[in-house]
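This report looks at charged side chains and how they pair. The sequence and the model are shown first.

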Amino acid sequence: MTDTAAHQLRRILRVIPEIADGHEHNIDDVAKRVAVDKALLLGDLRTLADRHGAPGGFVEGMQIYLGPETVEVMSEDFLRPMA
């Protein structure tokens, strides 16, 4: 299967609400929970975390911290149901 921007966006929209609670999460556990390959998940998270100039529409209220084995996402935007 060829990876596309649409596939990546679906993965990101599936994982971020799961981990955007301000707590560290083990990357292996997150990958298993959302049924995504760990390397693919890390690539998606790096796409969000490693911004070198924010493109239009980027959510400034979200912070992503990637450690060697953990990820932490802080955002108040995911603490309530989406409208």
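Are Asp 44 and Arg 11 buried or exposed? In this predicted model, Asp 44 is buried, and Arg 11 is buried as well. These two residues form a salt bridge, with their closest N and O atoms 2.6 Å apart. Asp 44 belongs to helix H3 (residues 38-49) and Arg 11 to helix H1 (residues 5-19), so the salt bridge ties together parts that are 33 residues apart in sequence. Asp 3 is also involved: a network of salt bridges links Asp 3, Arg 11 and Asp 44.

The structure holds five salt bridges. Among them are the three pairs in this table.

| Pair | Closest N to O distance |
|---|---|
| Asp 44 and Arg 11 | 2.6 Å |
| Glu 18 and Arg 33 | 3.5 Å |
| Lys 38 and Asp 28 | 3.2 Å |

The side chains of Glu 18 and Arg 33 meet in a salt bridge. This pair links distant parts of the chain, with Glu 18 in helix H1 and Arg 33 in helix H2 (residues 27-33), 15 residues apart. Glu 18 is partly exposed, at a relative accessible area of 41%. Arg 33 is partly exposed too, at 45% relative accessibility.

Lys 38 and Asp 28 form another salt bridge. Here Lys 38 lies in helix H3 and Asp 28 in helix H2, and the pair links distant parts of the chain, 10 residues apart. Lys 38 has 28% relative accessibility and counts as partly exposed. For Asp 28 the value is 29%, which also counts as partly exposed.

Note on methods
Residues are numbered from 1 along each chain as its sequence is written. This is a predicted model: local features need pLDDT of at least 70, side-chain atom pairs count only at pLDDT 80 or more; totals for chains, interfaces and linings use all residues. Side-chain values use heavy atoms; hydrogens and water are left out. A salt bridge is a side-chain nitrogen of Lys or Arg within 4 Å of a carboxyl oxygen of Asp or Glu. Helices (H or I, at least four residues) and strands (E, at least two) are DSSP runs, numbered from the N terminus. Buried means under 20% relative accessible area, exposed over 50%, partly exposed in between (1.4 Å probe, protein chains only).
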